[in-house]
Amino acid sequence: MDAFIRFTNQTQGRDGLFRATQYTCMLLRYLLEPKADKEKVVMKLKKLESSVSTGRKWFRLGNVVHAIQATQQSIHATDLVPRLCLTLANLNRVIYFICDTILWVKNIGLAAGINKEKWQMWAARHYYYSLLLNLARDLYEISLQMEKVTHDRAKREKSPSQNPLGYSVADEETEWLQSFLLLLFRSLRKHPPLLLDTVKNLSDILIPLDQLGICKSNPGIIGLGGLVSSIAGIIIVTYPQMKLRTC
């Protein structure tokens, strides 16, 4: 109970619960819509999804400051690639949250002259750029982990001529793919925060891909991706040691 109270006392924790609820409603609505006797349930899910989405905007009003602070922290990363990727990603998040705030002002009727469609596209574009840069950082970290696992495995081998993964050298594409996937699995297994961050970013990127028309998806896929990402975010907030650190 104490852990739940600490979690809900955090803005990110409450937003994570709201976000998981929002995308669960979207997923359930997509699954139930084809059924003729579920119209009332679908309408209730749609109203709940809309209400939760509106509530989440209140939680995000201060995220511009958080994104600026994250940018200042990422500038001091020792490794060049994470420093560059995270700094640019956080700058794009700053712009995204500014656009999101402007859209919130439009939705509550404080400013009537705002072009909603234009600002939605700008928000989606900068959200997309931010996720791409975060994924680039994840790929870089994965490559470092794979290199480390390969090096450690080679040191344990008695014979230097042996393959680090225990496979004989062959030209077959299936042999290479199996070796690569095994190495990837071992690398991510040794670094759960990296696995969690990669899954979260891959799930999140489905949303701007659909909004920008780059890769159109149905609400079921968007809902599932958003739910997976929300669960990953909840785990990170609940267990801070699972957050991928900036070195």
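The following paragraphs lead through a predicted model of a protein, from its overall make-up to a few of its details. Because the model is predicted, local features need pLDDT of at least 70 and side-chain atom pairs count only at pLDDT 80 or more, while totals for chains, interfaces and linings use all residues. Residues are numbered from 1 along each chain as its sequence is written, and side-chain values use heavy atoms, with hydrogens and water left out.

The protein holds 10 helices and zero strands, where helices (H or I, at least four residues) and strands (E, at least two) are DSSP runs numbered from the N terminus. Read from that end, the elements run α-α-α-α-α-α-α-α-α-α. Of the 247 residues in the protein, 39% are buried; buried means under 20% relative accessible area, exposed over 50%, and partly exposed in between, with a 1.4 Å probe and protein chains only.

Helices H5 and H6 offer a place to look at packing. Two packed helices are described by the angle between their axes and the distance between the axes. The axes of H5 and H6 come within 8 Å and cross at roughly 160°, the axes being lines fitted to C-alpha atoms, for helices over the stretch in contact, with angles that run from 0 to 180 degrees between N-to-C directions. H5 and H6 are therefore roughly antiparallel to each other (angles under 35 degrees count as roughly parallel, over 145 as roughly antiparallel, 65 to 115 as roughly perpendicular and the rest as oblique).

The structure also holds four aromatic pairs, in which rings of Phe, Tyr and Trp (its six-membered ring) have centres within 6.5 Å, and planes under 30 degrees apart count as stacked, over 60 as edge-to-face and the rest as tilted. In one of these pairs, the rings of tyrosine 96 and phenylalanine 97 have their centres 5.1 Å apart and their planes at 55°, so this pair is tilted. Tyrosine 96 and tyrosine 127, by contrast, have ring centres 5.0 Å apart and planes at 20°, so their pair is stacked. Because tyrosine 96 lies in helix H5 (residues 80-107) and tyrosine 127 in helix H6 (residues 116-156), the pair ties together parts that are 31 residues apart in sequence.

Are these residues buried or exposed? Both tyrosine 96 and phenylalanine 97 are buried, tyrosine 96 with a relative accessible area of 15%, and tyrosine 127 counts as buried at 16% relative accessibility. Tyr96, Phe97 and Tyr127 form one aromatic cluster.
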